[in-house]
Amino acid sequence: MTRALAVAREAMRFDEVPVGAIVVRDGEIIARSGNRTVRDRDATAHAELLAIHEASRVTGDARLAGCTLYVTLEPCAMCAGALVLSRVERVVFGAWDEKAGMVGSVEDLLRHPRLNHRPGVQGGVCADECGALLREFFAARRSSVDSPSVAG
């Protein structure tokens with residue numbers, strides 16, 4: 001999760017919501033990405049989707065058997081669906097997302113009994129640090145919106 005946090009901090013430097021994801025296979029990081037929705041002007045450019053895409057390219061396989069995805073924020077519905085479809089073996093996430101999280105907060109797509117693939121899940125890993133990074137980002141955004149600009 002420490003590596004995913006570093007990727008999230010890097011994304012924040014580009015004014016992206018600081019979410020970082022890495023994919024690990026056989027103890028080796030094979031893919032990493034932060035959010036790129038602002039830079040790519042693409043609502044689907046979430047860290048998890050980009051990391052899955054890269055891991056599939058690296059492995060040459062759309063199915064990521066034997067892979068674990070570490071992500072700093074509980075995946076949303078879109079990302080949870082991609083995790084199921086890519087057959088990621090395990091998902092480890094940091095902060096819970098009470099507004100959009102689909103791995104236990106709002107619903108639990110990854111462990112839905114009718115799906116044919118249900119990855120293992122571990123939530124709340126480094127939750128305080130992951131959550132603090134997100135709170136810092138959004139507090140800075142609110143303060144910049146609330147601050148009057150000074151005409152020069």
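**Exercise 1. What is the strand order of the open sheet of 5 strands, and which strands stand at its edges?**

The model is predicted, so local features need pLDDT of at least 70 and side-chain atom pairs count only at pLDDT 80 or more, while totals for chains, interfaces and linings use all residues. Residues are numbered from 1 along each chain as its sequence is written, and side-chain values use heavy atoms, with hydrogens and water left out.

Step 1. Helices (H or I, at least four residues) and strands (E, at least two) are DSSP runs numbered from the N terminus, and two strands pair if DSSP finds at least two bridges between them. On that basis the order is β2-β1-β3-β4-β5, with mixed pairing.

Step 2. β2 (28-34) and β5 (120-122) each have a single partner strand, so one side of each lacks a neighbour in the sheet, and these two stand at the edges.

Step 3. Direction ignored, neighbouring strands of this sheet are turned by 15° against each other on average, where axes are lines fitted to C-alpha atoms, for helices over the stretch in contact, and angles run from 0 to 180 degrees between N-to-C directions.

**Exercise 2. Describe how β1 pairs with β2, and which strands helix α1 touches.**

Step 1. Strand β1 (residues 20-25) pairs with β2 in the antiparallel sense over 6 bridges; Val 24, for instance, has Ile 29 of β2 as its bridge partner.

Step 2. Helix α1 (residues 2-12) packs on the sheet and touches β1, β2 and β3 (67-73), with contact meaning heavy atoms within 4.5 Å. The direction of α1 makes about 145° with that of β1.

Step 3. Helix α3 (residues 47-59) also packs on the sheet, touching β1, β2 and β3, and its direction makes about 145° with that of β2.

**Exercise 3. Classify the pair formed by the rings of Phe 93 and Trp 96, and decide whether each residue is buried or exposed.**

Step 1. Rings of Phe, Tyr and Trp (its six-membered ring) pair if their centres lie within 6.5 Å; planes under 30 degrees apart count as stacked, over 60 as edge-to-face and the rest as tilted. A search of the whole structure finds 2 aromatic pairs.

Step 2. The ring centres of Phe 93 and Trp 96 are 4.8 Å apart and their planes stand at 85°, so this pair is edge-to-face.

Step 3. Buried means under 20% relative accessible area, exposed over 50%, and partly exposed in between (1.4 Å probe, protein chains only). Phe 93, at 0% relative accessibility, therefore counts as buried, whereas Trp 96, at 43%, counts as partly exposed.
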